[in-house]
Number of protein chains: 2
Amino acid sequence: MARSALSRDEVLDTAAALVREHGPAALTMRRLAAELGTAVTSIYWHVGNRESLLDALVSRTVTDLGTIRPRGTTPTERIVSVARSLRRALRERPHLVAMVHERGLTERMFLPAQRALAHEAHAAGLRGAHAARAVRALQFQVVGYVLVERNRERAPAQSPAEEELWREEAAGSDAELARALAAPIDTEALFVDSVRALVDGLLAGASGDTGDGAVGRGPYSL
Amino acid sequence: MARSALSRDEVLDTAAALVREHGPAALTMRRLAAELGTAVTSIYWHVGNRESLLDALVSRTVTDLGTIRPRGTTPTERIVSVARSLRRALRERPHLVAMVHERGLTERMFLPAQRALAHEAHAAGLRGAHAARAVRALQFQVVGYVLVERNRERAPAQSPAEEELWREEAAGSDAELARALAAPIDTEALFVDSVRALVDGLLAGASGDTGDGAVGRGPYSL
DNA sequence: ACCTGAACACCGTTCAAGT
DNA sequence: ACCTGAACACCGTTCAAGT
């Protein structure tokens, strides 16, 4: 009794809030019902079942990340700006992004950014299959980086720690390298550096060549 | 009655087989007990609870992937070979790798390969913080690539398909690029191309510079 | 069209009791 | 030291019944 009509959107909002604050494991139908002040079974009328409720949350997240605006003057700068803004957006929704990933939709989420990258690849002088290869390499790079980065942050305390492992290794090799690998990572800087290095590598191998549709036939292939 | 003594290893073996064949969701304590022919509660004596059982499986997987042997003559070739063999190993254990990822241990799993990469970076003439940056860029690249790739394979049928999305976009832009992006990806070739491009980009910016420990102070930084 | 409680078939886990 | 069944507190889901 005594509550206004339940709506599908209200269910989704409350569910999203639950996931954002306590993670997807906290999203049980009974808890959600309690949060909404309704019977558990009412939820089923609006969203079907738990699985399609999660699907709806995921597809919301995908559309939320659909707006990408490149900034900067050179193609490299604009590509880097796309990469950075995408990374930021992903990092603001860790749980939801993990759910998108579990459902195999990470790439789908990345489509708008893919278009922006294709535009910049064209502007940088890449054409045809060459340009496609560059777009995909960047796409894999950025999405993969964020996944790995998230992963690192959730990692439990390591034993032995990376630090110790690299202390042993140091003997007979590059001591400064070992020290650098034992130090914590500036992931923002590494991200930008990696994207830049990849862009440079891709653009450097771009001259000549018409691109015949066969991925893997460029200057970097065997 | 009537079965030989249960051992922790037997529990882990059976659990691993269940995960490999039917995925982690199929690993329930009751089903595992049925598979082993024991009471559910016996499992608890050997492995504690479900969570630590999964932890044990994950840590097994991590050690399984600990053997990396670079092949080839040039540093670039050897780095590419490390990347490829790691990719193959990860792809042979999709469910277990996903569990490693969920537990935030992907990077931990990658440590042996990290050592190999450090060796090759040194051989390629990189030193100190520069070398560390290259190692980490490669590490993020390879791990991220495999995560994205797995993700794509699990993705449900897309609607609208990537193909259709790129058909619309084609007007006024690079038609061949659009066609190339609409075509399926040769992920093996793209992987090798990406790694090569990144290696080239990293080595190209490596001359001079002593490396002072500050990640992000190289030629690619702002 | 929307909401409800009761009931079902599952979970993981605990615990006292056996040998 | 190892194994057991009973019991507990949870799940997601179905369904007949209400308004």
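Helix 3 of chain A gives the largest share of the surface near DNA strand C, namely four residues. A residue is near a strand if one of its heavy atoms lies within 4 Å of it, and helices (H or I, at least four residues) are DSSP runs numbered from the N terminus. This is a predicted model, in which local features need pLDDT of at least 70, side-chain atom pairs count only at pLDDT 80 or more, and totals for chains, interfaces and linings use all residues. Residues are numbered from 1 along each chain, chains are lettered from A as written, and side-chain values use heavy atoms, without hydrogens and water.

Around DNA strand C there are 17 residues, and Thr41(A), Ser42(A), Trp45(A), His46(A) and Arg30(B) come nearest. Of the strand's atoms within 4 Å of the protein, 52% belong to sugar or phosphate and the rest to bases.

Some individual contacts are polar, that is, pairs of N or O atoms within 3.5 Å. An N or O atom in the side chain of Thr41(A) is 3.1 Å from a base oxygen of DNA strand C. Phosphate oxygens of DNA strand C lie 2.9 Å from a backbone N or O atom of Leu6(A) and 3.1 Å from a polar backbone atom of Met29(B).

Away from the DNA strand, helix 9 (residues 128–154) of chain A packs with helix 12 (residues 187–204) of chain B at an angle of about 80 degrees, their axes 10 Å apart. Axes are lines fitted to C-alpha atoms over the stretch in contact, and angles run from 0 to 180 degrees between N-to-C directions. The two helices are therefore roughly perpendicular, a term for angles of 65 to 115 degrees.

Conventions
A polar contact is a pair of N or O atoms within 3.5 Å; within protein, one must be able to donate a hydrogen and the other to accept it, and residues adjacent in sequence count only if both atoms are side-chain atoms. Angles under 35 degrees count as roughly parallel, over 145 as roughly antiparallel, 65 to 115 as roughly perpendicular and the rest as oblique.
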